[in-house]
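This briefing covers pockets, nonpolar cores and selected residues of one protein chain. Please look over the sequence and the structure before reading on.

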Amino acid sequence: MEKYPQKSFLTQKGKLLQRLLKTWSKEVSIVVSDGWKGYSQVHKHYEHKSIPHTKGQYVKDNYHTNSIEGFWSLLKRGILGIYHSVSPKHLQLYCDEFSFRYNTKDFDEGNRFNFALYCAFEGRLTYEELIS
């Protein structure tokens with residue numbers, strides 16, 4: 001087995017990344033990434049700050065990827081360790097839950113609970129909606 005994926009695989013992933021960025025990001029956005037080659041064309045449409053971790057660099061001009069890497073780590077541990085698998089239908093709800101957990105990580109449990117109750121009044125997911 002090869003140590004790194006084939007070039008065509010990286011090209012496909014880079015093209016998918018470009019489509020996702022165009023769909024979900026404004027062109028005035030600043031994209032901060034690690035040194036992955038799939039980001040090589042991002043500079044054509046966005047301001048791009050690349051932080052080459054392979055060169056031992058983790059902060060550049062006050063830009064870093066530590067926060068998003070921490071979030072993805074929390075989400076992956078939650079899915080693999082708690083839920084074990086998720087369906088595409090409910091993936092956004094899991095992402096929302098872990099986004100809430102990450103954004104309130106500095107809250108004590110009482111304040112996190114009260115904030116969750118406050119947020120719950122914005123709408124709720126009924127059982128019928130869940131299983132439909």
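Leaving aside neighbours within four places in sequence, which residues is Q18 in contact with? The partners of Q18 outside that window are G38, Q41, V42 and H45. The model is predicted, and the points below are grouped by pockets, cores and individual residues.

**Largest pocket**

- The volume of the largest pocket is about 620 Å³.
- Its lining consists of 19 residues, and those nearest the centre of the pocket are L17, V32, Y39, I68 and W72.
- Four elements each give two or more residues to this lining: α1 (7-24), β1 (30-34), α2 (66-83) and α3 (91-103).
- By residue class, the lining of the largest pocket has 13 nonpolar, 4 polar and 2 charged members.

**Second largest pocket**

- The second largest pocket has a volume of about 250 Å³.
- It is lined by 13 residues, with D34, G35, W36, K37 and S50 closest to the centre.
- Strands β1 and β2 (47-51) each supply at least two residues of this lining.
- The lining of the second largest pocket divides into 3 nonpolar, 7 polar and 3 charged residues.

**Nonpolar cores**

- The largest nonpolar core is made up of 6 residues, namely F71, L75, I79, C95, F98 and Y102.
- Helices α2 and α3 are the elements that give two or more residues to this core.
- Y102, a member of the largest core, is in contact with S67, G70, F71 and L74 when neighbours within four places in sequence are left aside.
- A second, separate core has 5 residues, among them L17, L21, V42 and Y46.
- L17 from the second core is also one of the residues nearest the centre of the largest pocket.
- V42, listed in the second core, is one of the contacts of Q18.

**Buried polar residues**

- Q18 is found in helix α1.
- The relative accessible area of Q18 is 13%, so this residue counts as buried, for which the value must be under 20%.
- T65 is located in the loop between β4 (63-64) and α2.
- With a relative accessible area of 4%, T65 is buried.
- The side chains of T65 and H53 make a polar contact at 3.2 Å.
- Beyond its neighbours within four places in sequence, T65 is in contact with V32, S33 and D34 as well as H53.
- Two of these partners of T65 also appear around the pockets: V32 is among the residues nearest the centre of the largest pocket, and D34 is among those closest to the centre of the second largest pocket.

**Positive phi outside glycine**

- D61 lies in the loop between β3 (59-60) and β4.
- Its phi is near 50 degrees, a positive value in a residue that is not glycine.
- D61 has a relative accessible area of 58% and is therefore exposed, the cut-off being over 50%.
- H84 is placed in the loop between α2 and α3.
- The phi of H84 is also positive, at about 70 degrees, although H84 is not a glycine.
- At a relative accessible area of 57%, H84 is exposed.

**Partly exposed residues and separations**

- G35 sits in the loop between β1 and β2.
- Its relative accessibility is 39%, so G35 counts as partly exposed.
- Apart from neighbours within four places in sequence, the contacts of G35 are S50, I51 and P52.
- Both G35 and its contact S50 are among the residues closest to the centre of the second largest pocket.
- G35 and E97 are 62 residues apart along the chain, and their C-alpha atoms are separated by 29 Å.
- S99 is found in helix α3.
- The relative accessible area of S99 is 27%, which makes S99 partly exposed.
- From C-alpha to C-alpha, S99 and L17 are 21 Å apart in space, with their positions 82 residues apart in sequence.

Note on methods:
Residues numbered from 1 in each chain as written. Predicted model: local features only at pLDDT ≥ 70, side-chain atom pairs only at ≥ 80, totals over all residues. Heavy atoms only, no water. 1 Å grid on protein atoms, 1.4 Å probe; cavity = no way out; pocket = protein on both sides within 12 Å on 5 of 7 lines; lining within 4 Å. Points joined across faces, edges and corners; volume = space filled by probe spheres on them. Nonpolar A, V, L, I, M, F, W, Y, C, P; charged D, E, K, R; others polar. Buried < 20%, exposed > 50% of the residue type's maximum accessible area, 1.4 Å probe, protein only. Polar contact = N/O pair within 3.5 Å; in protein donor to acceptor, adjacent residues only side chain to side chain. Contact = heavy atoms within 4.5 Å. Core = buried A, V, L, I, M, F, W, Y, C linked by side-chain atoms within 4.5 Å.
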